[in-house]
Amino acid sequence: MDIAKDLALTDLLCTEDFPTDHSGPRIAAGGPGYYITPLGTGPWPTADDVYAYEVALMQRYDERWGKALRWGGVTLQERRRRGEHIPEPWDVLSTRADDLRTWEATGTGRWVNLAVADRDPEEEPELLLMVTEIAPP
């Protein structure tokens, strides 16, 4: 876990050109209009450590961009089931995590998102960073 390194990655993704197609890691995996990448180093000692690291990063992002918007991944999935179009990458992220924290990265035209992917009980929780130019739905 290296907060300085993950903050630097966030800054880089807020300025880097997005991939033009769905591509594997160059800087981070992504697609048109977004990047998504795990943060911290796994495996985590305990699931609680993932959430503690998320809180530590949230505090840093709050200092930069103000209090996060909170989204429910379950809510976005329910909206999709009702026929509403949820744009990628929001749809993809909402399938992996229940709580999404979102900041508008001032002056960049991008949205920064943190989410703990913990829906699959067979897999270890993972802290995900998503940077996108696509506004929250």
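**Exercise 1. In this predicted model, work out which residues Thr-132 touches, leaving out those up to four places away in sequence, and whether Thr-132 is buried or exposed.**

Step 1: list the contacts. Thr-132 touches Phe-18, Gly-33, Tyr-34, Pro-89, Trp-90, Gly-109, Arg-110, Trp-111 and Asn-113, once residues up to four places away in sequence are set aside.

Step 2: check the accessible area. The relative value for Thr-132 is 0%. The cut-off for buried is under 20%, so Thr-132 counts as buried.

Step 3: look at the side chain's polar end. A polar atom there lies 2.9 Å from the backbone nitrogen of Ile-134.

Step 4: place the residue. Thr-132 belongs to strand S6, and the residue standing opposite Thr-132 is Trp-111.

**Exercise 2. Find out how S5 is paired with S4 and with S6, and how many of the residues of S5 are buried.**

Step 1: take the S6 side. S5 and S6 run antiparallel, with 7 bridges between them.

Step 2: now S4, residues 99–105. This strand is also antiparallel to S5, and 6 bridges join the two. Here Trp-103 sits opposite Val-112 of S5.

Step 3: look at the turn. The hairpin of S4 and S5 has 4 residues between the strands, and Gly-107 takes a positive phi near 80 degrees.

Step 4: sort the side chains. In a regular strand they alternate between the two faces of the sheet. For S5, one side carries Arg-110, Val-112, Leu-114 and Val-116, while the other has Trp-111, Asn-113, Ala-115 and Ala-117. Every one of these is buried, and both faces of S5 are covered. The tally is 8 of 8 residues buried.

**Exercise 3. Explain why the buried residues of H1 line one face of the helix, and say what covers them.**

Step 1: pick out the buried set. In H1 (residues 3–13) these are Asp-6, Leu-7, Leu-9, Thr-10 and Leu-13.

Step 2: look down the axis. The buried residues of H1 fall within an arc of 155 degrees, so they line one face. The spacing rule helps here: an α-helix has 3.6 residues a turn, so residues three or four places apart point the same way.

Step 3: check the other side. Ala-4 and Lys-5 are exposed there.

Step 4: find the cover. Strand S2 (34–38), helix H2 (47–65), strand S5 (110–117) and strand S6 (126–132) are among what covers the buried residues of H1.

Step 5: finish at the N-terminal end. Asp-2 caps H1, with a side-chain oxygen 3.3 Å from the backbone nitrogen of Ala-4.

Conventions. Residues numbered from 1 in each chain as written. Predicted model: local features only at pLDDT ≥ 70, side-chain atom pairs only at ≥ 80, totals over all residues. Heavy atoms only, no water. Buried < 20%, exposed > 50% of the residue type's maximum accessible area, 1.4 Å probe, protein only. Arc of directions from axis to C-beta. Contact = heavy atoms within 4.5 Å. Polar contact = N/O pair within 3.5 Å; in protein donor to acceptor, adjacent residues only side chain to side chain. Pairing = 2+ DSSP bridges.
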